[in-house]
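Open the model in your viewer and keep the selection panel at hand. The stops below go from cysteine pairs to a sheet, then to charged pairs and the nonpolar interior.

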Amino acid sequence: MAVTAAVTKIPLHKRPDEELIQAYHLREQQYIYETAQRQLRGSSDSDTSFLERSESEIINDYANAQYFGSISIGTPPQSFKVIFDTGSSNLWVPKVGCTHCGNPFFGKKSKYNHDSSTTYESDNADFEIMYGSGSVSGFFSVDSVTLADDLVVTEQRFAEIADAGGLGLAFALGKFDGILGLGFRSISVDDTPTVMDNALKQNVIDQPIFSFYLGDNGPGELTFGGYDSSKFTGDLQYVKLLSATYWEIALDSVSAGPYHSSENADQSPITAIVDSGTSLITGPKKDIAAIAQAIGAKPNVMGQYTVDCNTVDAIPDIVFTIDGRDYMVPGDKAVLQAQGTCLFAFMGVDFPKPGPQWILGDVFMRQYYTVFNYLDETVGFAPAVH
């Protein structure tokens, strides 16, 4: 049954696959260059590539983010393009004078000027967030945040970023100005209430849910306070979260062609987070290598894989079994194709515990309309209409 409460919809713009492939090639060149520099210096340091993460780091580095939407901060409103990220929980945007925040020729960023806002309140506590590629730092402030035209969250604590150098090329080349985290407060820097926390507390949304529809080669839509039943078929199937940190669920299994995942040796659940902040699906390196082998994909130096563009139609479906139900990503939908490159949208990453084993990013969410219930701590899936 559709939720009948008043809802707020935010259009999500999709970064073209061409740009994602171009950024992939640039990162590949940068990786090769940096590896060569380390070897020339004779460094004895172990290889700490951007693929490796520590427990204190946020899951995403946004190098593969494809969808962004607009919000505004302050009075009068200052507009920003943000990634709505279920894999983190803070809101941040660059401040006026921010360093490593794009340049006038490409990747130009909108910057927040608190002196121009009548609703700004000083906070000034230090803010720093660690990503796989480095840190982003600044300080906290408080102001009104507007989601779409009619949903205003007042007195929202957020971060003004003074230095975004830690995100490197992902930020420099990205179409986004900042991040709006939709994870839980438990993983928020400095225990800062999330935008969803305050939206609920201030009764600006009727239902404690938000929903993603990611268009297939087109724009998507983020709905606050409900969901749009015209965007999916059948019934929503809800899955209870393992923990209210990221949106983390248990996987029964993953299979593709002859590959079938193994149970964890300690009999613990196979963990996965449903993550709007990355386009890719990631899994343990050994599993992704086995899937890649099963579909004929070839590895590169960065832990990603390419496939022969002539074989895309022959790639088997990848099946995620969740709570006894099969969720299928068609083989041809598991490839990002542009400029003669066919990038397999699965990447091997071994996150240390308590990080997840799998990340179900946009490649998965494009196939399934996804409803996130903040109060019940569930995620609901139904086949998306395209």
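Begin with the cysteines: with the bonded ones numbered in sequence order, the pairing is 1-2, 3-4. The model is a predicted one, and a search of the whole structure finds two disulfides.

**Stop 1: the disulfides**

Select cysteine 98 and cysteine 101. A disulfide joins them, with an S to S distance of 1.7 Å. Cysteine 98 and cysteine 101 are both buried.

Now select cysteine 309 and cysteine 342. Their sulfur atoms are 2.1 Å apart and form a disulfide. Which parts of the chain does the pair of cysteine 309 and cysteine 342 tie together? Cysteine 309 lies in the loop between E19 and strand E20 (318-322), while cysteine 342 lies in strand E23, so the linked parts are 33 residues apart in sequence. Look along the S-S bond of this pair: the torsion is about 120 degrees, so the disulfide is right-handed. The two ends differ in burial: cysteine 309 has 25% relative accessibility and counts as partly exposed, whereas cysteine 342, at 2%, counts as buried.

**Stop 2: the sheet around E23**

Stay with E23 and show its neighbours as a cartoon. The strand belongs to an open sheet of four strands, in the order E18-E19-E23-E22, with antiparallel pairing. Which strands stand at the edges? They are E18 (298-299) and E22 (335-338); each has a single partner strand, so one side of each is left without a neighbour in the sheet.

Take the two sides of E23 in turn. On one, strand E19 (residues 305-306) is joined to E23 (residues 341-344) by two bridges, the strands running antiparallel. Pick tyrosine 305 here, and opposite it in E23 you will find phenylalanine 344.

On the other, E22 pairs with E23 over four bridges, also in the antiparallel sense. Phenylalanine 344 turns up again, as the bridge partner of valine 335. Follow the chain from E22 into E23 to see a hairpin with two residues between the strands. Glutamine 339, in the turn, has a positive phi of about 55 degrees.

**Stop 3: charged pairs**

The whole structure holds nine salt bridges. Select arginine 157 and show its side chain. Its salt bridge with aspartate 123 has an N to O distance of 2.8 Å. Arginine 157 lies in strand E7 (residues 151-163) and aspartate 123 in strand E5 (residues 121-131), so the pair ties together parts that are 34 residues apart in sequence.

Keep arginine 157 selected and add aspartate 190, which forms a salt bridge with this arginine, the closest N and O atoms being 2.9 Å apart. Aspartate 190 comes from the loop between strand E8 (178-181) and helix H3 (195-201), so here the parts tied to each other are 33 residues apart in sequence.

Is arginine 157 buried or exposed? With a relative accessible area of 16%, arginine 157 is buried, because the cut-off for that is under 20%. Its two partners count as partly exposed: aspartate 123 at 30% relative accessibility, and aspartate 190 at 49%.

Move on to glutamate 221 and lysine 231. They form a salt bridge whose closest N and O atoms are 3.7 Å apart. Glutamate 221 sits in strand E10 (residues 220-224) and lysine 231 in the loop between E10 and strand E11 (237-240), so this pair links parts that are 10 residues apart in sequence. Glutamate 221 is buried, with a relative accessible area of 17%, and lysine 231 also counts as buried, at 18% relative accessibility. Widen the selection to Lys9 and Asp228: salt bridges that share partners join these two with Glu221 and Lys231 into one network.

**Stop 4: the interior**

Select Phe84, Phe320 and Trp358. These have the most contacts inside the largest nonpolar core, a set of 84 residues. That core draws at least three residues from each of domain 1 (8-33 + 53-213) and domain 2 (230-383). A second core, separate and made of 17 residues, includes Ala65, Ile129, Ala164 and Phe176.

Last, select isoleucine 209, in strand E9 (residues 209-213). At 4% relative accessibility, isoleucine 209 counts as buried. Draw a distance from its C-alpha atom to that of threonine 378: the separation is 9.6 Å, although the two residues are 169 apart along the chain.

Notes: Residues numbered from 1 in each chain as written. Predicted model: local features only at pLDDT ≥ 70, side-chain atom pairs only at ≥ 80, totals over all residues. Heavy atoms only, no water. Pairing = 2+ DSSP bridges. Core = buried A, V, L, I, M, F, W, Y, C linked by side-chain atoms within 4.5 Å. Buried < 20%, exposed > 50% of the residue type's maximum accessible area, 1.4 Å probe, protein only. Domains from an automatic or database assignment. Disulfide = S-S within 2.5 Å. Salt bridge = Lys/Arg side-chain N within 4 Å of Asp/Glu carboxyl O.
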